[in-house]
Amino acid sequence: MKDSNDPVEPGKAADKAAGKAVGGAKGPDELRQQIQETRGQLGDTVEELAAKADVKARARARGAELKGKAVEAGHAVQDKATEAGHVVQGKAVEAGHVVQDKAVQAGHVVQDKAVQAGHVVQSRATQAGHAVQDNVPQPVRTAVTNAVQAGKRHPRPVLIAGAGVVVAAGLLRRRHNGHH
């Protein structure tokens, strides 16, 4: 059942209005009302036909609709890309922290081993020093102690003498190895 405001196919609106008029307007007021309704229906029908005939406007409307959908899809893709970027960034930061923690742990292990090795070397050097000290005769120890104290008081002559000893040792070594 159609409402009186529903569009009517062209040509049928006039038939409908004529049917009402013929069938039974009970008076001039009712006839005027039926005429007004028929005019309204005809106006609506004409507007609908004009809209269907306006291909350009329909194409623009469809284009605007598709453009809106494309913009929405673009925003959705952009939002997903941004979200993925944040996820990747978070994972990279997390991986960086893991690597940093492992590097710190490795550094501590190396440092501990270096300290242990330093203690071993120091201990052995002390033992070797004590062994030499215990095996060196007292007059030699006294002479070395006096030389060290003199070197502390007058360092320049000791440095010159030390340089001379180094040069003499080098010459003796060359001569000993067969170089003249």
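The paragraphs below lead through this predicted model, from its overall make-up to the contacts within and between its helices.

The chain has five helices and zero strands, so that from the N terminus on its elements follow the order α-α-α-α-α. Of its 180 residues, 4% count as buried, and the accessible surface of the chain comes to about 15,100 Å², with 62% of that area belonging to carbon and sulfur atoms.

Helix 2, which covers residues 28-53, is a good place to begin. Its 26 residues should span 38 Å at 1.5 Å a residue, and because its end C-alpha atoms lie 37 Å apart, the expected and the modelled lengths agree. Within this helix, Gln-34, Thr-38, Gln-41 and Thr-45 are buried. An α-helix has 3.6 residues a turn, so residues three or four places apart point the same way. Thr-45, a residue of helix 2, counts as buried because its relative accessible area is 5%, which falls under the 20% that sets the limit for burial. The side chain of Thr-45 also reaches the backbone oxygen of Gln-41, at 2.8 Å, and Gln-41 is itself among the buried residues of the helix.

Helix 2 also carries a salt bridge, in which the side chains of Arg-32 and Asp-29 meet at 3.1 Å, taken from N to O. The two residues are three apart in helix 2 and are therefore separated by about one helical turn. In contrast to the buried Thr-45, both partners of this salt bridge count as exposed, Arg-32 because its relative accessibility is 53% and Asp-29 because its relative accessibility is 60%; the limit that these two values pass is 50%.

The count for the model comes to three salt bridges, and the account now turns to helix 3, which runs over residues 55-135. There the side chains of Glu-65 and Arg-62 meet in a salt bridge at 3.0 Å, N to O, and since these residues are three apart in helix 3, about one helical turn separates them. Glu-65 forms a salt bridge with Lys-69 as well, the closest N and O atoms being 3.6 Å apart; Lys-69 and Glu-65 are four residues apart in helix 3, and so they too are separated by about one helical turn. Arg-62, Glu-65 and Lys-69 are thus linked in a network of salt bridges, in which Glu-65 takes part in the contact with Arg-62 and in the contact with Lys-69. As for their cover, Glu-65 is partly exposed because its relative accessible area is 39%, and Arg-62 is likewise partly exposed, with a relative accessible area of 43%.

Further along the chain, helix 4 spans residues 138-153 and includes Val-148. Together with Val-140 and Val-144, Val-148 forms a nonpolar patch on the surface, and the three residues have about 230 Å² of accessible area together. Val-148 counts as partly exposed because its relative accessibility is 44%, a value over the 30% that a residue needs to belong to such a patch.

Helix 5, made up of residues 155-176, has 22 residues and reaches 31 Å from its first C-alpha to its last, which is close to the 32 Å expected at 1.5 Å a residue. This helix is hardly covered, the count of buried residues among its 22 residues being zero, whereas helix 2 contains the buried residues Gln-34, Thr-38, Gln-41 and Thr-45. Val-158 is found in helix 5 and counts as partly exposed, because its relative accessibility is 41%. The C-alpha atoms of Val-158 and Ala-147 are separated by 8.6 Å, the two residues being 11 apart along the chain. Helix 5 is followed by Gly-178, whose phi is positive, near 95°.

Definitions and conventions
Residues are numbered from 1 along each chain as its sequence is written. This is a predicted model: local features need pLDDT of at least 70, side-chain atom pairs count only at pLDDT 80 or more; totals for chains, interfaces and linings use all residues. Side-chain values use heavy atoms; hydrogens and water are left out. Buried means under 20% relative accessible area, exposed over 50%, partly exposed in between (1.4 Å probe, protein chains only). Accessible areas come from the Shrake-Rupley method with a 1.4 Å probe; for residues, only the protein chains shown count as cover. The expected span of a helix is 1.5 Å times one less than its number of residues. Patches are made of residues with over 30% relative accessible area and no salt bridge: like charges are joined within 9 Å, nonpolar side chains (Val, Leu, Ile, Met, Phe, Trp, Tyr) within 5 Å. A salt bridge is a side-chain nitrogen of Lys or Arg within 4 Å of a carboxyl oxygen of Asp or Glu. A polar contact is a pair of N or O atoms within 3.5 Å; within protein, one must be able to donate a hydrogen and the other to accept it, and residues adjacent in sequence count only if both atoms are side-chain atoms.
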